Amino acid sequence: MRCAVLIVAAGRGTRAGGEQPKQWQNLAGKPVARWTLERFAGLGPTVMVIHRDDRARAEAACAGLPVTLVEGGAERADSVRAGLEALLADAPDAVLIQDVARPCTPVHTIARVRAALETAAGAAPALPVSDALWTGAGERVTGTQDRSGLYRAQTPQGFLFPDILTAHRAHPGGAADDVEVARAAGLDVTIVPGDEANLKITLPEDFARAARLLKEDTMDIRVGNGFDVHAFEEGDHVILCGVRVPHDRKLKGHSDADVGMHAVTDALYGAMAEGDIGQHFPPSDPQWKGAASEIFLTHAAEMARQKGFGISNVDITLICERPKVGPHAADMRARMARLLGLEEDRVSVKATTSERLGFTGREEGIAALATATLVKT
Ligand SMILES: Nc1ccn([C@@H]2O[C@H](COP(=O)(O)OP(=O)(O)OP(=O)(O)O)[C@@H](O)[C@H]2O)c(=O)n1
Ligand SMILES: C[C@](O)(CO)[C@H](O)COP(=O)(O)O
């Protein structure tokens, strides 16, 4: 089914206030209209209906997205009709009609409406009314209202294209939404579950709620990996994940050659796309000769904090035949957790041999792999 998207954005947003209509106001870093457009991006040809005074704002909000702008009318229904007429040139099978003022519409709500259109001429999301309903005058309750069978309507409201175009052309005006128009034309409309997150920005306080919802929805999670190798040389111990482990050799390196800590440090830099350990602490710089690798690790962890990330977890795998890591793994985990400021259950230290294959199998050195996850807090 070829589905088009029609976003109505010609309203003036008088109830929401502000210096410009609500759809062009900033919400969590971008215009309300941009969030709505992005929710529907890629679903099909998209028309956005705007007020004639808003073209420059609309063009800015649509930058880089394939959207056709069309001028709307005085009422919402006039704007929808203008959008439908614009779609007629390359008529789709179905159309999703969306309020621009609903920037948090969940993807699953859109999917439910689309799926329902496989078997129905119209479909729209709604939530059953769950609060008691009264009538009132001023500050006095004047009566109660039965709420059974009552729903709160949301968008997108989806219809087979020829049916809704005919319905809008025939409607005398004054409809609150497209379901009302469709029903006036005798179309059956299926209710699909709506979502509390699908709020319409109507009043000034709705911006803060929408921003909170978007923040939850657009959680910024980064994953980085790190890999490091150090060769053995003459010595009597190695430093692994901050723990001194007796051995008949040591690891060769400019610093203390803590291969595990280096891999974690690189995983943290990688998650932030901030280069690698060699870039921040060049081996050519004599000040890092013999340095404790915790300087590098804490630098990367502090950088993450400065950028607003929390470290969610790190996972390290040490690859060597000897020394045996198992007896020291708990100490390594505790040390790494303390340096990173994490609970121990967010730090994993594992080890494996390479079955005597390759340079680790020949005991020429130790390799380490690490993964780190960062979450914007
Ligand atoms: N002439 C109109 C009126 C409304 N709308 C759109 O219809 C949707 C729902 O309307 P509402 O939330 O009432 O928006 P406004 O009309 O802008 O708000 P207000 O009534 O507070 O002025 C909005 O996306 C709005 O831009 C439209 O395209 N053309
Ligand atoms: C279409 C609509 O969003 C359904 O809830 C609503 O009818 C339009 O907004 P308004 O606040 O009723 O003008």
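A pocket, as I use the word here, is an open set of grid points, on a 1 Å grid over the protein atoms alone, with protein on both sides within 12 Å along at least five of seven lines. I am working from a predicted model.

**Entry 1, ligand 1**

I looked up where ligand 1 sits, and it is in the largest pocket. I then asked which elements give two or more residues to its shell, and found strand 1 (3-9) and helix 3 (76-87). The shell holds 18 residues, and Gly13, Thr14, Arg15, Ser79 and Lys200 come nearest to the ligand. Sorted by class, this shell has 6 nonpolar, 5 polar and 7 charged residues.

Next I went through contacts to oxygen atoms of ligand 1. Arg15 places a polar side-chain atom 2.8 Å from one oxygen atom of the ligand. For Gly11 the partner is a polar backbone atom, at 3.0 Å from an oxygen atom of ligand 1. Val100 also uses its backbone, with an N or O atom 3.1 Å from an oxygen atom of ligand 1. I noted the cover as well: ligand 1 alone exposes 560 Å², and the protein buries 87% of that.

**Entry 2, ligand 2**

I repeated the search for ligand 2, which sits in the largest pocket. Around ligand 2 I listed Arg15, Arg76, Asp99, Arg102, Ala153, Thr155, Ala176, Asp177 and Lys200. The class count for this shell is 2 nonpolar, 1 polar and 6 charged residues.

Which residues reach an oxygen atom of ligand 2 with a polar side-chain atom? I found Asp99, at 2.4 Å, and Lys200, at 2.7 Å. Ala153 contributes a polar backbone atom, which is 2.7 Å from an oxygen atom of ligand 2. The protein covers 70% of the 350 Å² of accessible area that ligand 2 has on its own.

I also checked the lists against each other. Arg15 and Lys200 appear in the shell of ligand 2 and among the residues that come nearest to ligand 1.

**Entry 3, cis peptide bonds**

I looked at the bond from Thr155 to Pro156 and found it cis, with omega near 15°. Pro156 is in the loop between strand 10 (151-153) and strand 11 (157-160). Thr155, on the other side of that bond, is part of the shell around ligand 2.

The bond between Arg322 and Pro323 is also a cis peptide bond, with omega about 0°. I placed Pro323 in the loop between strand 17 (309-319) and helix 11 (326-340). Is Pro323 buried or exposed? Its relative accessible area is 7%, so I entered Pro323 as buried, the limit being under 20%. From Pro323 I took the distance to Glu363, 40 residues apart along the chain, and the C-alpha atoms are separated by 9.6 Å.

**Entry 4, positive phi**

I looked up residues other than glycine with positive phi. Ala28 has phi near 45° and lies in the loop between strand 2 (26-27) and strand 3 (30-31). I recorded Ala28 as partly exposed because its relative accessible area is 47%. Arg356 has a positive phi of about 65°, and I found Arg356 in the loop between strand 18 (347-352) and helix 12 (358-361).

**Entry 5, Ser255**

Last, I checked Ser255, in the loop between strand 16 (249-251) and helix 8 (259-271). Its relative accessibility is 11%, so Ser255 counts as buried. The side chain of Ser255 makes a polar contact of 3.4 Å with the side chain of His262.

Terms used: Residues numbered from 1 in each chain as written. Chains lettered and ligands numbered in written order. Predicted model: local features only at pLDDT ≥ 70, side-chain atom pairs only at ≥ 80, totals over all residues. Heavy atoms only, no water. Near = heavy atom within 4 Å. Polar contact = N/O pair within 3.5 Å; in protein donor to acceptor, adjacent residues only side chain to side chain. Areas by Shrake-Rupley, 256 points an atom, 1.4 Å probe, with all protein chains shown as cover. 1 Å grid on protein atoms, 1.4 Å probe; cavity = no way out; pocket = protein on both sides within 12 Å on 5 of 7 lines; lining within 4 Å. Sits in = over half its atoms within 2 Å of the grid points. Nonpolar A, V, L, I, M, F, W, Y, C, P; charged D, E, K, R; others polar. Buried < 20%, exposed > 50% of the residue type's maximum accessible area, 1.4 Å probe, protein only.
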